[in-house]
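Here are some exercises to work through with the coordinates open. Try each one yourself before you read its solution.

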Amino acid sequence: MSGQSLVTRLSRRERRVTLEQRERLAALAFISPWFIGFIVFTAGPMIASLVLSFTNYDVINPPSFVGLDNYQRLIDDPRIELSLKNSFFYAALYVPLMMVVALALALILNQVGKAAGFFRTVFYLPSVTPAVAVGTLWLWLLNPRVGLVNRGLDLIGINGPGWTTNPDWIKPGIVLMSLWSVGSTVILYLAALRNVPVELHEAATIDGANSLRRFWHVTVPMISGTLFFTLIVNTISALQVFTEVYTMFFGNMRSGTASSAGLFYNIYLFRQAFEFFRMGYASAMAWLLFLIIMVLTFIQLRFSKRWVYYEGA
Amino acid sequence: MSVIQHSRTPQERLASVIGASGPGIDQIIPRLLFIALLIGCSLVFLAPFAWLVSASLKTRSEVFSSAWIPDPFAWNNYVRVWDAAPVLSWLKNSLFVGVLASVTVTLSSALIAFGFSYFRFKGRDALFSLVLATMMLPGVVTMIPVFLVWDQIGLVNTLWPLWAGNLFGSAFYIFLLRQFYLGLPRELFEAARVDGASYFGLWRHVALPLTRNALIVVFVFEFKASWTDLVKPLIYLYNSDLFTLPRGLKALLDQFGQGGEMQWEIILAASVIVTVPMIVIFFLGQRYFMEGIATSGLKG
């Protein structure tokens, strides 16, 4: 140490600084594609979308500033309320049902030995089916007269409803279709179930807990993190359902009862933007949805502290 | 092992595969009920596929019948789809977009993820939080301005907007690959540094080869996302020659389905054509799909 001259010590520090600088430059080079994409495809468009929401813009003529008109129209337009109600009704019906079905299937698979992989594949197959094909197929399956669903119900003596024609049954029919694609959640739950320590179940059994009590007091708390994660992610995505329903009930030359009962928020937004070219109004709709999703997620996060168990927390 | 298996009854063999242990009668009956439940659930999931393929092979007059086996087999439906629409172009477009979208997003996300994992620089964590935050943003918020950008540079009604955005990485894949990179021992990189590797070399020759599986996970997920997407083709493609398969199927449904001439056998045959390639790819890359779903749970 004492042999080291001031000069060498200084030059060493200098070299370290340049190394640090070089590392920073290299890091910036590595992340620069993200940064460019962030500006061009996220941050810039977010600002542009907010600005557009205060204008009327039909792509052909230059945008004209209209102040809060579009937001006033959000309140006045009865189809906004309708489509929001439709989307919330769908999400409120689909998300809990989906979680229950997925958990039930995962619990079944958790009891299966070597063949679990095979059944996991079976349950996941609908999830790799293109959404347009899912919508088309289910329009056919839900056909009130000739569809497989009502034929199946017929076998057990139930006169199936008009899934694609009766306004009251259109959304339940869409929920049924969505439940078919439950596979990825099943796989997540199965992975979570397999992480529950066997010792906990053994200890509970020794304490005299039956299987139902073990499920409520051991399994559910131990997988509550995963349950919560799927609750948030699926609520957000359920409010944004588009492709399957648009395929079934909208597009060229389509109208009818479904155009009201199946008018989900994102479908209405898409039609405003790309069928009627009301870009300003559609931008205001997009910001309303963003706000709703943020508020919902915030509420869910607040509530999660009461019932989600995090290991080590 | 196989000798023991052969000496059992089929039920017992099945039970042993499914995981039943004791042969006691009080256990076998619940076990059989359980197996019936499992098979019943599987049939519910598989029946729509069977019904789809069956109906796609029925004649016009038979397509509304309740028979599971078509009689006669109308293979001709597939020829008619082929004649009615430029299906080959759609297939080519889907493949072109799918491969480009997956390759670009895999490489760019890997590059970016390396920047966020190997290097330690001021503001890194804040910046990475920003990456994660973008996942929360609903797609519709940016959808319109992004369309206007592509419109400005004159690339609407081309295939470019369907994949070129992937050149800049994707938040979820960046997150996923970063998890893998953080798991690599740092000594590996230090050894390569001593051997004179550049930073790019560290990524290219150390990080990439060691995370091959993760890259395949990203590739198959993006391929699936691209292959199944309808929204972008709806927004950006007007000429039917440029359509991808899902956009084409939607066009056929509008033409021959409820709004049009009610030729369900044509539409269902087209649905099979759109679905089969994805199912094949799923079976080829099954373990990567499963790995990807398991890792995506880490987000929570």
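How far apart do the C-alpha centres of domain 1 of chain A and domain 2 of chain A lie?

**Solution.** Keep in mind that this is a predicted model. Start with the bounds: chain A is split into domain 1, residues 6-52, and domain 2, residues 70-307. Then take the C-alpha centre of each domain; the two centres are 41 Å apart.

**Exercise 2.** Work out whether chain A is spread out or like a compact globule.

**Solution.** Begin with what the chain is made of: chain A has 15 helices and two strands. Next, get the yardstick: for 313 residues the globule rule gives 20 Å, while the radius of gyration of chain A is 27 Å, well over that, so chain A is more spread out than a compact globule. To put dimensions on it, line up the principal axes: the C-alpha atoms of chain A fill a box of roughly 95 × 75 × 35 Å.

**Exercise 3.** Find how many residues each chain brings to the contact between chain A and chain B, and say what the chain A side consists of.

**Solution.** Count first: 73 residues come from chain A and 72 residues from chain B. Now ask where the chain A residues sit. Helix 1 of chain A (residues 6-52) supplies the largest share of that side, with 18 residues. Finally, sort the chain A side by class: 50 residues are nonpolar, 18 polar and five charged.

**Exercise 4.** Describe how helix 11 and helix 15 of chain A are arranged, and list the residues that touch.

**Solution.** Go for the axes first. Those of helix 11 (residues 224-238) and helix 15 (residues 279-307) of chain A come within 10 Å and cross at roughly 165°. Angles over 145 degrees count as roughly antiparallel, so helix 11 and helix 15 of chain A fall into that class. The crossing is right-handed. Helix 11 of chain A makes the contact with A:S224, A:F228, A:L231, A:I232, A:T235 and A:I236, and helix 15 of chain A with A:I293, A:L296, A:T297, A:Q300, A:S304 and A:W307. By class, that contact has seven nonpolar, five polar and no charged residues.

**Exercise 5.** Do the same for helix 2 and helix 15 of chain A.

**Solution.** The axes of helix 2 (residues 69-76) and helix 15 of chain A come within 9 Å, and the crossing angle is roughly 70°. An angle from 65 to 115 degrees counts as roughly perpendicular, so that is the label for helix 2 and helix 15 of chain A. Once again the handedness needs a look: helix 2 of chain A passes helix 15 of chain A in a right-handed crossing. From helix 2 of chain A, the contact uses A:N70, A:Y71, A:R73 and A:L74; from helix 15 of chain A, it uses A:G280, A:Y281, A:A284, A:M285 and A:L288. Sorted by class, the residues come to six nonpolar, two polar and one charged.

**Exercise 6.** Turn to chain B and classify the packing of helix 9 and helix 10.

**Solution.** Helix 9 (residues 186-194) and helix 10 (residues 199-210) of chain B have axes that come within 10 Å and cross at roughly 125°. The two helices of chain B are therefore oblique to each other, and the crossing is right-handed. The touching residues are B:L188, B:F189 and B:A192 on helix 9 of chain B, with B:G201, B:L202, B:H205 and B:V206 on helix 10 of chain B. That makes five nonpolar, two polar and no charged residues.

**Exercise 7.** Track down a backbone oddity in each chain.

**Solution.** A bit of background: most residues other than glycine have a negative phi, and most peptide bonds are trans. In chain A, check A:V59: phi is near 75°, a positive value in a residue that isn't glycine. A:V59 sits in the loop between strand 1 (55-56) and strand 2 (64-65) of chain A. In chain B, check omega from B:D71 to B:P72: that peptide bond is cis, with omega near 0°. B:P72 belongs to the loop between helix 3 (25-56) and helix 4 (76-84) of chain B.

Definitions and conventions:
Residues numbered from 1 in each chain as written. Chains lettered and ligands numbered in written order. Predicted model: local features only at pLDDT ≥ 70, side-chain atom pairs only at ≥ 80, totals over all residues. Axes fitted to C-alpha atoms, helices over the stretch in contact; angles between N-to-C directions. Helix = DSSP H or I, 4+ residues; strand = E, 2+ residues; numbered from the N terminus. Parallel < 35°, antiparallel > 145°, perpendicular 65-115°, else oblique. Left-handed = near helix turned anticlockwise from the far one by under 90°. Contact = placed C-beta atoms within 7 Å. Nonpolar A, V, L, I, M, F, W, Y, C, P; charged D, E, K, R; others polar. Rg over C-alpha atoms; globule rule 2.2 N^0.38 Å. Domains from an automatic or database assignment.
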